[in-house]
Amino acid sequence: MEKKKGKMPTLLDFADKRSQPNLGIEEIIAKEVSAKNEKEQMVHNANQSTRTTTESETKLLWYSIIDEAVINNAHLLSYYYDSERNTALLCFYDEDRNTLVYWYDKTDHKPYFIVSEEPTEAEKLIPKDLKGRVVSLERIEKVNPLSMKKEKYTKITVTDPLAVKELRGRFRDSWESTIKYHQNFIYDRRLIPGYKYKVSGKILAPVEIGSTSAKDLRTVFDGESEEVQRFAEELYGLFELPPPIPKMVAIDVEVYSPYANRLPNVATAPYPILSIAIAGTDGRKKVLAISYPHASKSPIKDKFLGEIEVEIFDSEHAMLMEAFRILGDYQVIYSYNGDNFDLPYLRNRARVLGFRPQEVPIREFQDYYTFKRAIHIDLYKVFENKALKTYAFGGNYRENTLDSVAMSIIGVGKVKIEESPGMLGISKLVEYNYRDAEITLALVTWKNFLTWKLLILLSRLTKTGIEELSRSQISNWIRNMLYWEHRKRNFLIPKQEDILKHKKEIKSKAIIKGKKYAGAIVLDPPVGVFFNILVLDFASLYPSIMKVWNLSYETVNPSYECRNLKEIPDVKHVVCMDRKGMTSLMIGTMRDLRVKVYKKKSKDKNLSNEQKEWYNTVQSALKVLLNASYGVFGSDAFALYAPPVAESVTAIGRFTIMSTIKKALALGLRVLYGDTDSMFIWNPEKEALTKLVGEVEKEFSLDLEIDKEFRYVAFSGLKKNYLAVTNSDEVVIKGLLGKKRNQPEFLKSSFSEVIVMLKEIKTPKDFSEIHDKIKDKVKEIYRRLKNMGYTLDELAFNVMLNKDIDGYVKNTPQHVKAALLLKNFDRRLVKGDIISYVKVKNKEGVKPVAMAKLSEVDVDKYLEIARTTFEQILKTINISWEDIEGVARLESFFGK
DNA sequence: GAATTCGCACAGCCAT
DNA sequence: ATGGCTGTGCGAA
């Protein structure tokens, strides 16, 4: 056998690297299994032609035990249910030794659920064959939040989570039986994922934060109840603890595929893995590859390709061995789409190649994959998350592909290739493969580990392990956060139907058909340009309303006796003010902390840049949660769905803004426009403003703030549709067609050319001067369009498929028509893809860019589109489209 | 696998 | 043909 470049790992390598080993999730099982398999193992190893693995080496590779150690700085990152042991299994990052530590529950916690029958009665309902799995039936007391009374229930404790599933249907009523066991464990033990613990035997003690909170919080929460102050302090503790920064790595796998545009089947993993790229926070830049037929197309001269270390193996088996060994150095492993591809493929391919289960460091769970000795975060799931995308990552990327996300976040995309990876020469393959790992890692290291820190903070806030957090949407996070709080207060966690039964029906009517209840108010804006406009808005209006009006699912329309009932305007719901509602407390406090503490800290000149950055991440994490905190109550997918709560929030919002506008008018302020929580005021008088803010604060306990000061605002007369320039020359464009991402490039770019001109306007006088220039510009665009002076790409609409193609049953929109044409060309099209098409003069009216010719473009259609787009601007400055069209026509008529 | 409603533009579909 | 309604995508809040 010819010796290839690259070194084979030796036993010594393993020993050195493992002087500080991570603790294996499978250590116990593995020990047992490996003893049993020893013989088989040796036979198996002997069969491996490319390298021999000794039995002791295999054992050392994966399993090592530190079970009774005391670990002082252990960050709780993730947790699982271990079915072999029947216990919760917690995964900590040990800061001191830079490893992961796995801790089996030693507190004898068991799965359970709650029923209403008396224990004797309940026992009769348990079938014989399940009796053995029932540990105990116990009478307990819990506060039912819907009745606000202590009520008696029976707690049925069982041996395993599956027993809960099998038993729960046999009772009249059951509660808390659909909560995942490992999550249940977190709630009951009041553990805070993302937080730091001292682990010793059966004790998990949270690390204390020095009580520096007093000074920071006192003034802000001075008038608040003790309950609120306590909650604020708890949260404060979560924010003050610095985040752990373990050793992290990003991986990406390239697989041979005989089909150009298709990845091979993951389940059977029939084709070889060509290469594995590894980019670590420790500076490791490495690609492992096998030698494959096309490799020689672009050979690599030495061990390195630029900075990338390349190691070529003559067996795929050996390559996987080495990759698995390297990954053992890291506590957190990132992938992009690893749950759906890289991890299962690695795992299944390894099995195909003859690896034994315990040799494969990848673990399969019901809905994701992870590593046995490392946390796995699939960044595709993170950057796909709607709440994070919009409120934390800027919302600038449309497609959730690695290329488009990385482009938007770090400005670097994938390496473009024309062929499938297996057809590339090795040098190109390595470059391509490594770039993927590199940009995946960059999505995390970006802005000093912002992504990771955000996940850690959200993990702490919502009591959700980082692996689950990174894979679930915001309703899940908020549910976990509230469930944890229920347990803390010994509240029964109600079922969705319990809440719905108690809360009565919806009282308002939505404007839009198909919506459940009425939302916000939008004022009709005027048409034209207005100078000196000040925008007032309520600082996080909906969360503030929930706070001030004590809105919570258990306080709205209470079915218990209430001394102090308050009516909700417009919707005829009532809210009980007797005691603080749970969500009102939590959301209100989070809101205050964000607005009054962390936004300020993030700009505090006395703090270091690093501290400011951290506090900015804190306020951003809070923002993500707060923005969804009202919406989830209006979503039937939310476990604590409470439509009257959502409806009350918007009703109070309408009431508040209308009352405020009335006050403003009474003070002589000219309100031109408003949307939900904002008011555009023309030429305001300082005094009246101050007065208004004071009255609103006094009457509604809401903060009215100056949001923007515009030199001028150009209103098109349409709602949610205007252009404005601030006194500091910042252009703000809302809703205008020329800004929409699916519009053709020629429109967007010519639109921004006009915007540049508008930016120059300082006074009403300038307007008349710029008037003609804008007119000329638009005319020019019109002419160019008439003469087809644009390329197909510039003319293309780019519209997203929000469903898979066969999901469009009611009608066939244009982008779907184009997609169907593309499908004939064997282009794989799925939900989330963006279709580029142009409007043409055939029966269908559209063609994909890839198939169209410039000559068949429907010019008239494009002229129409240009018209509506520019009209939104032209209207404001009193130019009519007829002016443009008419003159342009005359000119071209006489000019040629 | 799941935060909400309001608003705009356009094409498709159906009835007149 | 015309007009109203619906479905769809994308944005504002």
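Two strands are said to pair when DSSP finds at least two bridges between them, and with that criterion in hand the reader can begin in the N-terminal part of this predicted model. Strand β1, which covers residues 70-82, pairs with β2 in the antiparallel sense over 8 bridges, and within this pairing leucine 76 of β1 has phenylalanine 92 of β2 as its bridge partner. The two strands form a hairpin with 4 residues between them, and in the turn asparagine 86 has a positive phi of about 60°.

Strand β2 is also paired with β3, residues 99-104, again in the antiparallel sense, here over 6 bridges. Leucine 90 finds its bridge partner in tryptophan 103 of β3, and the hairpin of β2 and β3, with 4 residues between the strands, contains asparagine 98, whose phi is positive and near 55°. How many of the residues of strand β2 are buried? The count is 8 of the 8 residues in the run 87-94, so the strand is largely enclosed by the rest of the structure.

Further along the chain, 7 strands form an open sheet of mixed pairing, which can be followed in the order β13-β14-β12-β11-β10-β15-β18. At the edges stand β13 (304-305) and β18 (375-378), and each has a single partner strand, so one side of each is left without a neighbour in the sheet. For β13, the partner is β14 (residues 308-313), to which it is joined by 2 bridges in an antiparallel arrangement; one bridge can be located by phenylalanine 304, whose partner in β14 is glutamate 309.

Helix α11, residues 342-352, lies across β10 (248-255), β11 (273-280) and β18, and runs at about 65° to β10. The loop between β15 (332-335) and α11 holds asparagine 337, a residue that is not a glycine and yet has a positive phi of about 75°. Asparagine 337 is partly exposed, with a relative accessible area of 25%. Aspartate 570, in the loop between β20 (565-567) and β21 (574-576), likewise is not a glycine and has a positive phi of about 75°, but this aspartate is exposed, its relative accessible area being 57%.

The last part of the picture concerns the nucleic acid. DNA strand B is surrounded by 33 residues, of which the closest are Gln473, Ser475, Gly519, Lys817 and Lys839. Of the atoms of DNA strand B that come within 4 Å of the protein, 81% belong to sugar and phosphate. By class, the surface near this strand is made up of 13 nonpolar, 12 polar and 8 charged residues.

Which helices each supply at least two residues of that surface? They are α27 (814-823) and α28 (859-874), and α28 gives the most, with 3 residues.

Several individual approaches to the phosphates can be traced in the model. Threonine 868 places a polar side-chain atom 2.8 Å from a phosphate oxygen of DNA strand B, while an N or O atom in the side chain of lysine 719 is 2.9 Å from a phosphate oxygen of DNA strand B. With lysine 516, by contrast, it is a backbone N or O atom that lies 3.2 Å from a phosphate oxygen of DNA strand B.

Definitions and conventions
Residues are numbered from 1 along each chain as its sequence is written. Chains are lettered from A and ligands numbered from 1 in the order in which they are written. This is a predicted model: local features need pLDDT of at least 70, side-chain atom pairs count only at pLDDT 80 or more; totals for chains, interfaces and linings use all residues. Side-chain values use heavy atoms; hydrogens and water are left out. Contact means heavy atoms within 4.5 Å. Axes are lines fitted to C-alpha atoms, for helices over the stretch in contact, and angles run from 0 to 180 degrees between N-to-C directions. A residue is near a molecule or strand if one of its heavy atoms lies within 4 Å of it. A polar contact is a pair of N or O atoms within 3.5 Å; within protein, one must be able to donate a hydrogen and the other to accept it, and residues adjacent in sequence count only if both atoms are side-chain atoms. Ala, Val, Leu, Ile, Met, Phe, Trp, Tyr, Cys and Pro count as nonpolar, Asp, Glu, Lys and Arg as charged, and the others, Gly among them, as polar. Buried means under 20% relative accessible area, exposed over 50%, partly exposed in between (1.4 Å probe, protein chains only).
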